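I am opening a notebook on a structure that I have not looked at before. I will go from the whole chain down to single residues and write down what I look up.

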Amino acid sequence: IKVSGDQAAEFLNLVCANNIDKGVNQTVYTQALNKKGGIEADFTVTKIKENEFLIVTGTAFLVHDSQWLEKQREENGFRSIEITNVTNDLAVFGIWGPKSRDILQKLTSEDLNNSAFPFGHSKEINIDGIKLRATRITYVGELGWELLIPVKDALPIWLKLKDAGATPCGYRAIESLRLEKGYLAWAGEINTEFNPYEAGLGFAISKTRNNFYGATALSKLEKSTRKLVCITFDDIRRVPLGSEPIKFGDQVIGRIKSGGQGYTINKAIAYAYIPIEFSEAGTELEVEFFGEWHAGKIATTPLYDPSGSKIKA
């Protein structure tokens, strides 16, 4: 979604909880909140020109997020702002993994070393005469880039990446890795019912602004009564599907929001909101699977690379 106009930065800093205007070619992860402080949308914002920003949102949420932006534009008097759906103009490939820099560097003269192209930066690069935008960001907890490519050039770039050593992977691979890393998905672990503090997303809230939409409500929610936790199961086959009840002793304290398999840690993984008093890492719980209760344990997150050294290598 492209947002442009003289007041584009002002508009997005109203809509977004994080500070999105950190300079041209800077990418910011943020939530957009509703008036109750709930998470209305979850996306990245890249400033691509002085008065032009590019939002990349979840696969299934283009219509929802576009309509939310348009609603905020109309209700807050930013009618000169242009909000344009550019989805059909761009293909997006994520090239992620320990070898992603080596593979991509074979194809471009742009310096991809960490000092020249650090995490959270975005720039246009050239691959064999094709101009595309590369953003240093990841959804799998590994070094990598998000490549935004003109649709007409997508197939040639795809083939060049494969020839350089990249291996195509499906969404289930991404799902497993993002669960291990604790990367959240809107409509999965987060939605309008939950606020950033209880979801563990306080780091994505601006520390210098309190005039964004939903800030007043959010200021009253810092002391949460519930918390999103990660529960692991030693049997990797014990995979929650969602909505399974969670029990501590004889008390049902919540339901599973999402689950999957963590092949790196060789455990099954679930995420759930539970009362804060039960949320300490190491706490053992029981989860019902098809009428049978099985033990799980609250884990310290992220499960994989807690220091974040791999994504910033």
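Before counting anything, I note that helices and strands here are DSSP runs, with at least four residues for a helix and at least two for a strand, numbered from the N terminus. I also note that this is a predicted model.

**Entry: the whole chain**

Counting in that way, I find six helices and 15 strands in the protein chain. I then looked up its extent, and the C-alpha trace spans about 65 × 50 × 30 Å along the principal axes. The radius of gyration is 20 Å, and because a compact globule of 313 residues would have a value near 20 Å, the two agree.

Next I asked what share of the residues counts as buried. For the 313 residues of the protein chain the figure is 51%. The accessible surface comes to about 15300 Å², and carbon and sulfur atoms hold 49% of that surface. Among contacts with a separation of 6 or more, 63% are between residues 24 or more positions apart. I also looked up the charges, and found that the mean position of the 37 positive ones lies 2 Å from that of the 39 negative ones.

**Entry: helix α1**

Helix α1 runs over residues 8-15, and I wanted to know how many of its eight residues are buried. Seven of them are, which leaves this helix mostly covered. I listed the buried ones as A8, A9, F11, L12, N13, L14 and V15. An α-helix has 3.6 residues a turn, so residues three or four places apart point the same way. Looking for what lies over the buried residues of α1, I found that the cover includes the strands β1 (2-4), β2 (27-33), β3 (39-49), β4 (52-57) and β5 (82-84), together with helix α2 (62-75).

**Entry: two threonines**

I went on to T44, which is found in strand β3. Is T44 buried or exposed? Its relative accessibility is 13%, and because buried means under 20%, T44 counts as buried. Leaving aside residues up to four places away in sequence, T44 touches T27, V28 and Y29, then L54, I55 and V56, and also I137.

The other threonine I looked up is T57, in strand β4. With residues up to four places away in sequence again left out, T57 touches D42, F43, L62 and D65. I checked the last of these partners further, and a polar contact of 2.4 Å joins the side chains of T57 and D65.

**Entry: backbone exceptions**

Most residues other than glycine have a negative phi, and most peptide bonds are trans. With that in mind, I asked which residues a cis peptide bond joins. The bond is between T301 and P302, with omega about -5°, and P302 lies in the segment after β15 (292-299).

I then turned to phi, and found that D128 has a positive value near 50° although it is not a glycine. D128 sits in the loop between β7 (122-127) and β8 (130-135), and it is exposed because its relative accessible area, 59%, is over 50%.

F290 also has a positive phi, near 50°, in a residue other than glycine. I located F290 in the loop between β14 (284-289) and β15. F290 has a relative accessible area of 78%, so I entered it as exposed.

Methods: Residues numbered from 1 in each chain as written. Predicted model: local features only at pLDDT ≥ 70, side-chain atom pairs only at ≥ 80, totals over all residues. Heavy atoms only, no water. Rg over C-alpha atoms; globule rule 2.2 N^0.38 Å. Buried < 20%, exposed > 50% of the residue type's maximum accessible area, 1.4 Å probe, protein only. Contact = heavy atoms within 4.5 Å. Areas by Shrake-Rupley, 256 points an atom, 1.4 Å probe, with all protein chains shown as cover. Lys, Arg positive; Asp, Glu negative; His and termini not counted. Charge placed at Lys NZ, Arg CZ, Asp CG, Glu CD. Polar contact = N/O pair within 3.5 Å; in protein donor to acceptor, adjacent residues only side chain to side chain.
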